[in-house]
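Here are some comments on the structure, set out as numbered points so that each can be checked against the coordinates. Please read them with the structure open beside the text.

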Amino acid sequence: GGAAPGLAAGVGDGVDMRAAWDSVRKPLLSVGAKGARPSHGNALREALSAHALVKVKLASTRVDVGAAAAALAEGSGGAFVTAKGQTLLFARDEASLRAAAEAGAAEAQAKQAGKGHRKAKLFIGGVPHGMTAAELEHKIRPAAGGPDAPLVLELPLDGEGRNRGHALLTVASQAAAEAVIFALDGVDAGAGRSFTVRPDGARKRGKR
């Protein structure tokens, strides 16, 4: 079919269309094989009075997307935004589209930020052999979130009770891990050594 008409020129500029699309879970309306009818336009108008954005599913590939989009927009007074396959997205108006897109983008960012709360493990090299776990922890804690920050420090010892020159550190979040890397990596550790701090496992791959 023909290209589906979108919003009027300039409308929707700068809007995160993916965020807008993803903010609507599923279609509220379905249009059958005979195409969009006045009743569909009325139903869409009602749906748009309750929701800023509404998806409409075309039940048959025989229905022309462009024609259905135009008929539904005219019948509902809403604005056709975009289409993916046989699913159309309509907005109550441009302000509603922008608000829904911004809210969807914020929700996606929050989900992404939530991933940062997973624990992160770091490899710390360049530890002076005479340094104790308590001394190393004292250097780490300010960057890892302070005296009460949850962390687990493993400092392997050799048969003589000296550390093996490296440690494994588990911190509460990716943000804490990045702060420790920033604060300690390349810093003088004493005894002629410098700390090297990186995500555990990075050394095995040799490259990111």
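**Notes on salt bridges, strands and one histidine**

1. Arg18 forms a salt bridge with Asp22, and the closest N and O atoms of this pair are 3.4 Å apart. The model is a predicted one, and these distances should be read as properties of that prediction. Both Arg18 and Asp22 belong to helix α1 (residues 17-22), where they are 4 residues apart, about one turn of the helix. Arg18 counts as exposed because its relative accessibility, 64%, is over the 50% cut-off, whereas Asp22, with a relative accessible area of 40%, is partly exposed.

2. A search of the whole structure finds 4 salt bridges, and another of them joins Arg98 to Glu94, with the closest N and O atoms 2.9 Å apart. Because Arg98 and Glu94 are 4 residues apart in helix α4 (residues 94-115), about one helical turn separates them. Arg98 is partly exposed at 28% relative accessibility, and Glu94 is likewise partly exposed, with a relative accessible area of 28%.

3. A salt bridge is also found between Arg141 and Glu137, the closest N and O atoms being 2.9 Å apart. Both residues lie in helix α5, 4 residues apart, which is about one turn of the helix. Is Arg141 buried or exposed? Arg141 has a relative accessible area of 18%, and it is therefore buried, since the cut-off for that class is under 20%. Its partner Glu137, at 27% relative accessibility, counts as partly exposed.

4. Helix α5 (residues 133-144), which carries the pair just described, lies across β5, β6 and β7, and it runs at about 145 degrees to β6. These strands can be followed in an open sheet of 4 strands, whose order is β6-β7-β5-β10 and whose pairing is antiparallel. The edge strands of this sheet are β6 (151-154) and β10 (196-199), each of which pairs on one side only. From one strand to the next, the twist averages 20 degrees.

5. Within that sheet, strand β5 (residues 120-125) pairs with strand β7 (residues 166-171) in the antiparallel sense, over 6 bridges. For a reader who wishes to locate this pairing in the coordinates, Lys121 stands opposite Thr170 in β7. When side chains are inspected here, it may help to recall a general point: in a regular strand the side chains alternate between the two faces of the sheet.

6. Strands β3 (residues 79-84) and β4 (residues 87-91) also pair in the antiparallel sense, in this case over 5 bridges, and Ala83 stands opposite Leu88 in β4. Which residue of this hairpin takes a positive phi? The hairpin of β3 and β4 has 2 residues between the strands, and Gly85 is the residue that takes a positive phi, near 60 degrees.

7. A last point concerns His40, which is placed in helix α2 (residues 38-50). With a relative accessible area of 17%, His40 is buried, because this value is under the 20% cut-off. When its neighbours within four places in sequence are left aside, His40 is in contact with Leu29, Ser30, Val31, Gly32, Gly35 and Leu72.

Methods. Residues are numbered from 1 along each chain as its sequence is written. This is a predicted model: local features need pLDDT of at least 70, side-chain atom pairs count only at pLDDT 80 or more; totals for chains, interfaces and linings use all residues. Side-chain values use heavy atoms; hydrogens and water are left out. Buried means under 20% relative accessible area, exposed over 50%, partly exposed in between (1.4 Å probe, protein chains only). Contact means heavy atoms within 4.5 Å. Two strands pair if DSSP finds at least two bridges between them. Axes are lines fitted to C-alpha atoms, for helices over the stretch in contact, and angles run from 0 to 180 degrees between N-to-C directions. A salt bridge is a side-chain nitrogen of Lys or Arg within 4 Å of a carboxyl oxygen of Asp or Glu.
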